[in-house]
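Work through the exercises below with the structure open beside you. Try each task before reading its solution.

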Amino acid sequence: MSDATDAQNPNQAVNEAEVSEQPVESQERKENETPEEHKRRIRSFVLRTGRMTAGQQRGMDEFWPKWGLTLEQGEIEPQQVFGREAPLVIEIGFGMGHSLFEQANTMRDHDFIGIEVHTPGVGKLLAEAGDAGLTNLRAYEDDAVEVLNQCIPDGSVDLLQLFFPDPWHKKRHHKRRIVQPEFVQLLRKKLKVGGRFHMATDWENYAEHMVEVMQVAEGYENTASDGDYVPRPDSRPVTKFEKRGERLGHGVWDIIYRRIS
């Protein structure tokens, strides 16, 4: 999710106990015991450990030096990074990179930057992009909030994507959801006027939460012509988890807001 990741998608039935080295409740108790000035920002993701496959490791070894971006590089100039001027798309939390690779492969007149905290997903995406000879794709392996704050110029992004972020479905964990008022204002700064913020989720409660946040967010307007949601645009590939969910009768909600000021 990423923050927004296929790997974090609840359709994979990954529970919090499996993905965290300690339960969320323990993490929260530890935060509450920490002096106020030392508290860390609430994260919308949980770092997971796991082995890299040979292909994922090859992606990091062979293609990360060419197409990996880091916080240490500071603010980038997209035209210099890609060697051209083209519409810029940033995906937050691309998981294993299935849909982001498909987009970059079919929309070669656009430039793409993916942000993901889980190394296996970064390695897999880079291996596939490298094998396909893509030159319009770059990746960060880091926290999206830090990348946006430190590396992405204001007013430079045409489209920001957040597909199937972790819903943190338990009410006491809703504060961990990435779509919050402060976050959407950070995104607004990075979008061009007229640029779009595209969210998708298969949790209806999270879709309602997204709409609630966006309805009162300064400087945005909903692009839906009827109601709060839009049909899935052709530009968003259907993931295998979404296909499985459709077979099980699960809904998917797409929400697109445009920066107007």
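The exercises on this predicted model go from confidence to the sheet, then to the aromatic rings.

**Exercise 1. Decide which residues should not be read in detail.**

Start with the whole chain. Its pLDDT averages 85, and 79% of the residues score at least 70. Next, look for a weak stretch. Over residues 1–39 pLDDT stays under 50. The model still has 98 contacts beyond four places in sequence for residues 1–39. Where pLDDT is low, predicted coordinates should not be read in detail. Set residues 1–39 aside for detailed reading, as their pLDDT stays under 50.

**Exercise 2. Give the strand order of the sheet and find its edges.**

The sheet is open and has 8 strands. Read across, the order is E1-E4-E3-E2-E5-E6-E8-E7. The pairing is mixed. Now take the ends of that order. Strand E1 (68–69) and strand E7 (220–222) each pair on one side only, as edge strands.

For an antiparallel pair, go to E6 (residues 191–201) and E8 (residues 253–259), which share 6 bridges. To fix the register, note that His198 stands opposite Ile256 in E8.

**Exercise 3. Describe the surroundings of strand E3 (residues 111–115).**

Step one: find the neighbours. E2 (residues 88–92) pairs with E3 in the parallel sense over 5 bridges. E4 (residues 137–140) also pairs with E3 in the parallel sense, over 4 bridges.

Step two: set the register. Ile92 faces Ile115 in E3. Phe112 stands opposite Leu137 in E4.

Step three: trace the connections. Helix H5 (residues 98–106) joins E2 and E3 in a right-handed β-α-β unit. E3, helix H6 (residues 119–132) and E4 make a right-handed β-α-β unit.

Step four: check both faces. In a regular strand, side chains alternate between the two faces of the sheet. One side of E3 carries Asp111, Ile113 and Ile115, and the other Phe112 and Gly114. Every one of these is buried, which makes 5 of 5 residues.

**Exercise 4. Classify the aromatic pair, then find charges over rings.**

The structure holds 1 aromatic pair. The ring centres of Phe63 and Trp67 lie 5.6 Å apart with planes at 10 degrees, so the pair is stacked. Phe63 and Trp67 are 4 residues apart in helix H3 (residues 54–67), which means about one helical turn separates them. Both Phe63 and Trp67 are buried.

Finish with the charges. Arg177 places its charged end over the ring of Tyr206, 4.6 Å from the centre. Arg236 has its charged end over the ring of Phe163, 5.8 Å from the centre.

Technical notes: Residues numbered from 1 in each chain as written. Predicted model: local features only at pLDDT ≥ 70, side-chain atom pairs only at ≥ 80, totals over all residues. Heavy atoms only, no water. pLDDT = per-residue confidence, 0-100. Contact = heavy atoms within 4.5 Å. Pairing = 2+ DSSP bridges. Helix = DSSP H or I, 4+ residues; strand = E, 2+ residues; numbered from the N terminus. Buried < 20%, exposed > 50% of the residue type's maximum accessible area, 1.4 Å probe, protein only. Right-handed = clockwise from strand over helix to strand, strands pointing away. Phe/Tyr/Trp six-rings, centres within 6.5 Å; stacked < 30°, edge-to-face > 60°. Lys NZ or Arg CZ within 6 Å of the ring centre and 35° of its normal.
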